Amino acid sequence: APAGLTLDRHVDPADRAVNLARDVLTGLTANPRELPPKWFYDATGGMLFDEITRLPEYYPTRRERAILDGHAGAIAAACAADTLVELGSGTSEKTRLLLEALRAGGGLRRFVAFDVDETTLAQAGRGLITAYPDLAVHAVVGDFERHLAHLPGGGRRLIAFLGGTIGNMRPAQRGAFLRALREQCGATDALLLGTDLVKDPDRLVAAYDDGAGVTAAFNRNVLTVINRELGADFDIRGFAHVACWNAADSWIEMRLRAVRDQRVTIDSLALEIEFERGEDLLTEISTKFTRDGISAELADAGWAVAHQWTDPEGDFAVTLATP
Ligand code: AVJ
């Protein structure tokens with residue numbers, strides 16, 4: 001590894017197989033059937049997600065980038081962090097806006113990237129080391145729902161959880177996550193949270209059911225992951241992509257709907273599953289928030305909201321909170 005790059009591994013390929021097997025067994029034998037969205041993101045899924053962020057219908061990435069573009073200086077001034085921690089950092093692209101602003105403030109020393117995918121992390125880490133030779137880059141391979149206690153401490157940390165990923169959790173899970181994070185933080189740390197906001201359901205559904213079919217391919221990719229990693233025989237053409245707005249829960253649901261009766265065998269689990277035509281498998285929820293709702297949830301988890309920014313259309317929010 002280049003100088004200045006450290007890597008901690010809390011998830012290795014064997015853990016990954018065990019966790020996937022457990023989630024698939026639990027989720028596919030449940031009623032209704034459900035899979036956690038984290039399994040979308042193998043190399044193909046990561047590329048498809050990148051493509052999603054550039055689709056005309058998928059506004060969240062552009063809106064969040066515009067907010068960070070406009071307010072990174074204010075964010076940096078408000079937290080005066082010497083360490084930027086990014087949870088689910090992916091390709092660390094929007095991170096650069098924050099790094100630049102913190103660096104301009106003069107105090108930046110360290111970047112901690114926390115992600116479940118080691119390949120993505122290593123790539124992003126190398127890119128950052130090249131761009132910022134003075135920066136200590138610490139990559140942590142982990143699952144932010146299980147390994148928060150292993151977040152490197154020290155200094156004044158700005159912990160960024162961007163992209164609206166918190167929307168993939170149900171309310172109880174979000175509360176537990178925000179409280180656990182709060183417990184990890186000292187008085188001088190801060191949280192920067194990106195959340196998508198409630199809007200016209202037609203726009204929401206279009207963002208998750210794009211005309212080019214990229215989101216459909218992303219959704220079905222989870223079946224390819226299960227086929228490859230657990231020796232299953234899903235016929236991915238046997239499942240249709242469905243995106244719908246659940247107004248009662250204020251979230252978008254992505255589902256895979258069986259287009260005909262079918263039987264699937266999963267060798268590693270010695271499991272056979274029957275799908276009836278029309279039966280759904282829930283693959284993702286993506287919660288849409290209100291500004292007040294975000295503040296209330298943060299307050300419940302022990303955080304105080306310092307600032308909240310939105311884009312001019314009010315499509316997306318970025319919230320800065322302190323312990
Ligand atoms: C990366 C979880 C924020 O929920 O909008 C995009 C994932 N799913 N299109 C989202 C996603 C379908 C995305 N997050």
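**Exercise 1. Identify the residues around the ligand and sort them by class.**

Solution. The model is predicted; local features need pLDDT of at least 70, side-chain atom pairs count only at pLDDT 80 or more, and totals for chains, interfaces and linings use all residues. Residues are numbered from 1 along each chain as its sequence is written.

Step 1. A residue is near a molecule if its C-beta atom, placed from the backbone, lies within 6 Å of it. Around the ligand stand Ile52, Pro60, Gly163, Gly164, Thr165, Gly167, Asn168, Tyr208, Thr215, Glu284 and Ser286.

Step 2. Ala, Val, Leu, Ile, Met, Phe, Trp, Tyr, Cys and Pro count as nonpolar, Asp, Glu, Lys and Arg as charged, and the others, Gly among them, as polar. The shell then has three nonpolar, seven polar and one charged residues.

Step 3. Under "binding site", an unreviewed UniProt entry lists Tyr58, Asn168, Tyr208, Glu284, Ile285 and Ser286; such annotations may be inferred rather than shown by experiment.

**Exercise 2. Place Asn168 and Ile285, and determine whether each is buried, partly exposed or exposed.**

Solution. Step 1. Asn168 is in the loop between β6 (157–161) and α6 (171–184), whereas Ile285 belongs to strand β12. Helices (H or I, at least four residues) and strands (E, at least two) are DSSP runs, numbered from the N terminus.

Step 2. A residue is buried if 20 or more other C-beta atoms lie within 10 Å of its own, exposed if 12 or fewer, and partly exposed in between. Asn168 is partly exposed because it has 18 C-beta neighbours inside 10 Å. Ile285 has 18 such neighbours and therefore counts as partly exposed.

Step 3. Contact requires C-beta atoms, placed from the backbone, within 7 Å. Leaving aside neighbours within four places in sequence, Asn168 is in contact with Pro37, Glu284, Ile285 and Ser286. On the same basis, Ile285 is in contact with Asn168, Arg170, Trp251 and Glu253.

**Exercise 3. Describe the pairing and burial of β6.**

Solution. Step 1. Two strands pair if DSSP finds at least two bridges between them. Strand β3 (residues 83–87) pairs with β6 in the parallel sense over four bridges, with Glu86 partnered by Ala160. Four bridges also join β6 to the parallel strand β7 (residues 190–196), where Leu191 stands opposite Ile159.

Step 2. Arg157, Ile159 and Phe161 are buried on one side of β6, and Leu158 and Ala160 on the other. Five of the five residues are buried, so β6 is largely enclosed by the rest of the structure.

Conventions:
Two residues are in contact if their C-beta atoms, placed from the backbone, lie within 7 Å.
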